[in-house]
Number of protein chains: 2
Amino acid sequence: MLKAVQSRTLKTRAKLIAAAEAVIEENGYEAMRVEEVVLRAGVAKGTFFAHFPDKEELMDQLIGARIDTCLDQIAKAPTPQTITDMVDALMPLVAFMSCERYVFDVIFRHSGAATIDKTGVIAMTFEHQAKIVSAWLKDSPFRRDVTPDLLAEGIQAFLMQAIALNFCALHCEFAMRDRIVQYLQAWLAPDIRA
Amino acid sequence: MLKAVQSRTLKTRAKLIAAAEAVIEENGYEAMRVEEVVLRAGVAKGTFFAHFPDKEELMDQLIGARIDTCLDQIAKAPTPQTITDMVDALMPLVAFMSCERYVFDVIFRHSGAATIDKTGVIAMTFEHQAKIVSAWLKDSPFRRDVTPDLLAEGIQAFLMQAIALNFCALHCEFAMRDRIVQYLQAWLAPDIRA
DNA sequence: TCCATTAATTGACCGTGGTCACTTTATTGA
DNA sequence: TCAATAAAGTGACCACGGTCAATTAATGGA
């Protein structure tokens with residue numbers, strides 16, 4: 001008998017999420033304040049923390065949802081056959097992940113499951129992304145001396161690296177794309193004859 | 001005529017850094033509180049922020065110094081000739097970088113130069129590390145189809161990835177080392193004949 | 001219908017990083 | 001030697017995430 005969740009609860013949570021989305025829409029993720037959210041939702045501050053263990057948890061859900069949208073789009077498209085196609089397929093995701101330094105930091109902190117039982121939304125999107133990319137690689141013209149899973153993990157590492165470097169000095173999306181292409185070329189299609 | 005720095009300034013700064021190191025020694029980086037530091041240093045809170053733009057800046061210096069110590073040790077040792085030797089050479093650095101989740105996050109946030117002119121201590125250690133590894137690779141039995149600089153960048157990406165994953169679920173150093181070896185094997189010595 | 005029990009909500013309060021107008025101390029030049 | 005000027009230091013104050021004992025609302029018998 002663990003039936004207990006009241007409809008009131010759902011309504012309050014929905015109000016909080018809607019308010020947060022509105023605030024973010026106006027001023028971006030970094031500028032989101034818990035006080036502003038509860039004010040707009042018309043509830044007390046304590047209520048927020050009754051629904052989310054901390055501010056980051058809400059961020060995890062909101063940012064995770066956005067990533068999932070990107071991934072659904074990516075999964076829908078045909079399997080890329082070249083590295084540049086692959087990079088271009090991933091670019092919408094990369095663009096969102098690098099839209100704000102704060103967003104990138106949150107994603108980074110949540111990119112792995114904190115514990116076995118408590119996997120966050122963002123952590124799940126990373127597994128999802130790895131699955132998509134791994135599936136691409138299962139039947140691809142790229143290297144086969146290591147597993148698609150490992151290659152997918154490596155791609156994630158390179159994406160994070162490219163985005164991190166992109167936040168340094170200048171914030172130019174073209175340089176980032178070129179860097180990713182370079183990384184994935186070396187990672188997916190090494191040419192050891194040279 | 002931009003001669004102005006008083007000896008008092010140096011003394012105060014030294015007191016602050018010493019106090020911070022003492023606090024960290026006792027309770028770890030994450031537990032460091034600015035109030036505790038200024039209390040021990042015998043100065044007012046405002047003085048702290050006259051010397052460091054924010055708490056993270058002090059962390060950058062303290063953590064950066066520790067990383068530099070690791071790198072000096074690494075640079076002193078003979079050039080590793082196998083991948084496992086290379087990983088073992090890097091492990092002291094990896095061990096420090098993963099000693100606390102908080103430390104890793106600070107390192108991550110500061111791993112790149114924020115702007116051209118204002119490069120932090122940690123950011124400089126990353127360049128330093130890349131140089132060391134790149135030098136190893138210049139005369140190595142590993143792949144030569146891409147530049148040593150690119151390989152070094154990739155190694156950094158894989159180290160960060162391995163440490164990040166290691167914070168998930170369980171915090172076991174052996175698994176981390178194995179993962180790094182696997183990554184670097186695939187990165188440095190691809191076998192596309194397979 | 002009413003009461004007992006559990007769930008949801010509240011808001012005063014706290015911890016901690018960071019600010020800034022003001023005070024104190026050092027330096028410079030006549 | 002002594003203002004005038006600049007540098008260093010101060011601490012009350014603020015912003016904001018997070019806590020918790022108390023309060024209010026919902027639920028399920030009898």
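**Protein contacts with DNA strands C and D, and helix packing**

Of the atoms of DNA strand C that lie within 4 Å of the protein, 70% are sugar or phosphate atoms, and the rest belong to bases. This description is based on a predicted model. The strand is surrounded by 21 residues, of which Thr12(A), Ala44(A), Thr47(A), His51(A) and Lys55(B) are the closest. By class, the surface near DNA strand C is made up of 7 nonpolar, 8 polar and 6 charged residues.

Polar contacts to DNA strand C involve both side-chain and backbone atoms of the protein. In the side chain of Thr12(A), an N or O atom is 2.4 Å from a phosphate oxygen of the strand. A phosphate oxygen of DNA strand C also lies 2.8 Å from a backbone N or O atom of Lys55(B). For Arg8(A), a polar side-chain atom is placed 2.9 Å from a sugar or linking oxygen of DNA strand C. Two or more residues of this surface are supplied by each of helix H1 (7–27) of chain A, helix H3 (45–51) of chain A and helix H3 (45–51) of chain B. The largest share, 4 residues, is that of H3(A).

DNA strand D has 20 residues around it, and the nearest are Lys55(A), Thr12(B), Ala44(B), Gly46(B) and Thr47(B). Sugar or phosphate accounts for 71% of the atoms of DNA strand D within 4 Å of the protein, with bases accounting for the rest. The residues of this surface comprise 6 nonpolar, 8 polar and 6 charged.

Among the polar contacts to DNA strand D, one joins a polar side-chain atom of Lys45(A) to a base nitrogen of the strand at 2.9 Å. A backbone N or O atom of Val34(A) is 3.1 Å from a phosphate oxygen of DNA strand D. From chain B, the side chain of Thr47(B) has an N or O atom 2.7 Å from a phosphate oxygen of this strand. The elements giving two or more residues to the surface near DNA strand D are H3 of chain A, and helix H1 (7–27) and H3 of chain B.

Chain A contains 9 helices and 0 strands. Its C-alpha trace spans about 65 × 45 × 30 Å along the principal axes.

Within chain A, the axes of helix H8 (residues 148–166) and helix H9 (residues 173–188) come within 9 Å and cross at roughly 155°. H8(A) and H9(A) are therefore roughly antiparallel to each other, and their crossing is right-handed. On the H8(A) side, the contact includes Leu150(A), Leu151(A), Ile155(A), Phe158(A) and Leu159(A), while H9(A) contributes residues including Met176(A), Arg179(A), Ile180(A), Tyr183(A) and Trp187(A). The contact of H8(A) with H9(A) has 14 nonpolar, 3 polar and 1 charged residues.

In chain B, helix H5 (residues 83–97) and helix H8 (residues 148–166) have axes that come within 11 Å and cross at roughly 55°. These two helices, H5(B) and H8(B), are therefore oblique to each other. Their crossing is right-handed. Met86(B), Leu90(B), Val94(B) and Met97(B) of H5(B) meet Ile155(B), Leu159(B), Met160(B) and Ile163(B) of H8(B). The residues of this contact are 8 nonpolar, with no polar and no charged ones.

Notes
Residues numbered from 1 in each chain as written. Chains lettered and ligands numbered in written order. Predicted model: local features only at pLDDT ≥ 70, side-chain atom pairs only at ≥ 80, totals over all residues. Heavy atoms only, no water. Axes fitted to C-alpha atoms, helices over the stretch in contact; angles between N-to-C directions. Parallel < 35°, antiparallel > 145°, perpendicular 65-115°, else oblique. Left-handed = near helix turned anticlockwise from the far one by under 90°. Contact = heavy atoms within 4.5 Å. Nonpolar A, V, L, I, M, F, W, Y, C, P; charged D, E, K, R; others polar. Near = heavy atom within 4 Å. Polar contact = N/O pair within 3.5 Å; in protein donor to acceptor, adjacent residues only side chain to side chain.
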